[in-house]
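This report looks at one helix and its surroundings, then at the pockets, and lastly at a single aromatic side chain. Please keep the sequence and the model at hand while reading.

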Amino acid sequence: MSVQTAISRVNIPALRKMKQQKQPIVALTAYDYSFARVLDQSGVEIILVGDSLGMVVQGHQTTIPVSMEDMLYHTSIVSKGTDRALVVMDMPFMSYSSVELALENAAAALQLAGAHMVKLEGGLDQLHIVEALARAEIPVCAHIGLKPQSIYKSGGYKVQGRGAQAAVQMIEEAAALENAGADILLLECVPKLLAAEITANSEMPVIGIGAGNACDGQILVLHDLLGITPGKPPGFTKNFMQDNHDIQSAVMAYADDVRSRRFPAEEHSFT
Ligand code: KIV
């Protein structure tokens, strides 16, 4: 890799600068080489190899069956398709249940699959894992709000952080994760005003999905943007293929709407 290539890749300082300059960050999921190339060439800053692949690629009902092997394979074919985007690999269910396991699996994400960052779900209960990864210089995206890997305990895909006590708890979680060394925060299905407050009080970039348009950036599951998710799409998503004739135009329309804060609109946000 040339020095020039290494420098032009989106990195953590570049994302922090975008936050400081109030330039919205565009993120999307991808699971293979060809889609990763389209996203990369459309100027998407972050490509997440989400464990949503369990649902949109493998046809499972939840993300729980996704294995570390699946994630490493899909991340490796995504990273081959990128020159510029920061590639984030989701740590699948139970792949970070101890510090040792988290370090081993996150190292594999970076060394074997070509990821630049790992994402894990969890709040105060995962601080020791985030700290250990940060100490090992492994970039971390922490994911709070709706946590699909906890679906059997939380009882469904519902908005999180409603009510004063839950909101305060989420604000505290975000601050603790940042102190533990998280580089980015992903907020899923959180009331718009709460997400705005967490974003304003964090130095780390905050990326939202179903969290209103005040976050530092937005992410969608690619299949939702393309309108091909099986079943009824979640209310916070938008099918960008409806007004566009090809996939690259749809991705670029999404990127434009995120950068101008037209997406998410009120109808894609929760109160
Ligand atoms: O797995 C996934 O796709 C996610 C979404 C919240 C973007 O984590």
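On one side of helix H6, the residues Glu100, Glu104 and Gln111 are exposed, and this side lies opposite another set of residues in the helix. That other set consists of Ala102, Asn105, Ala106, Ala108 and Ala109, which are buried in H6. Because these buried residues cover an arc of only 155° around the axis, they fall on the same side of H6. The cover over the buried residues of H6 includes helix H5 (68-80), strand E3 (86-90), E4 and H7. The model is a predicted one, and the length of H6 can be checked against expectation: its 13 residues, 99-111, should span 18 Å at 1.5 Å a residue, and the C-alpha atoms at its ends are 18 Å apart, so the two values agree.

Two of the elements that cover H6 also take part in pocket linings. Strand E4 (117-121) supplies at least two residues to the lining of the largest pocket, as do helix H4 (53-56), strand E6 (184-188) and strand E8 (217-220), each in its own right. Nearest the centre of this pocket, among its 37 lining residues, lie Met55, Glu188, Val221, Asp224 and Pro234.

For the second largest pocket, which holds about 360 Å³ of space, the lining comprises 17 residues, of which Phe93, Asp125, Gln126, Gln149 and Ser150 are the closest to the centre. Helix H7 (127-135) and helix H8 (151-154) are the elements that give two or more residues to this lining, and H8 gives the most, with three residues.

The table sets out the volume and the lining classes of each pocket.

| Pocket | Volume | Nonpolar lining | Polar lining | Charged lining |
|---|---|---|---|---|
| Largest pocket | about 760 Å³ | 18 residues | 11 residues | eight residues |
| Second largest pocket | about 360 Å³ | seven residues | six residues | four residues |

The last part concerns phenylalanine 35, which is found in helix H3 (residues 33-41). Is this side chain's residue, phenylalanine 35, buried or partly exposed? Phenylalanine 35 has a relative accessible area of 24%, and because buried means under 20% and exposed over 50%, it counts as partly exposed. Leaving aside residues up to four places away in sequence, phenylalanine 35 touches Leu222, Leu226 and Ile247. The C-alpha atoms of phenylalanine 35 and glutamine 248 are separated by 9.3 Å, although the two residues are 213 residues apart along the chain.

Technical notes:
Residues are numbered from 1 along each chain as its sequence is written. This is a predicted model: local features need pLDDT of at least 70, side-chain atom pairs count only at pLDDT 80 or more; totals for chains, interfaces and linings use all residues. Side-chain values use heavy atoms; hydrogens and water are left out. On a 1 Å grid over the protein atoms alone, a cavity is a set of points where a 1.4 Å probe fits but cannot get out, and a pocket is an open set with protein on both sides within 12 Å along at least five of seven lines; lining residues have an atom within 4 Å of a point. Grid points are joined across faces, edges and corners, and a volume is the space filled by probe spheres set on the points. Helices (H or I, at least four residues) and strands (E, at least two) are DSSP runs, numbered from the N terminus. Ala, Val, Leu, Ile, Met, Phe, Trp, Tyr, Cys and Pro count as nonpolar, Asp, Glu, Lys and Arg as charged, and the others, Gly among them, as polar. The expected span of a helix is 1.5 Å times one less than its number of residues. Buried means under 20% relative accessible area, exposed over 50%, partly exposed in between (1.4 Å probe, protein chains only). The arc is that of the directions from the helix axis to the C-beta atoms. Contact means heavy atoms within 4.5 Å.
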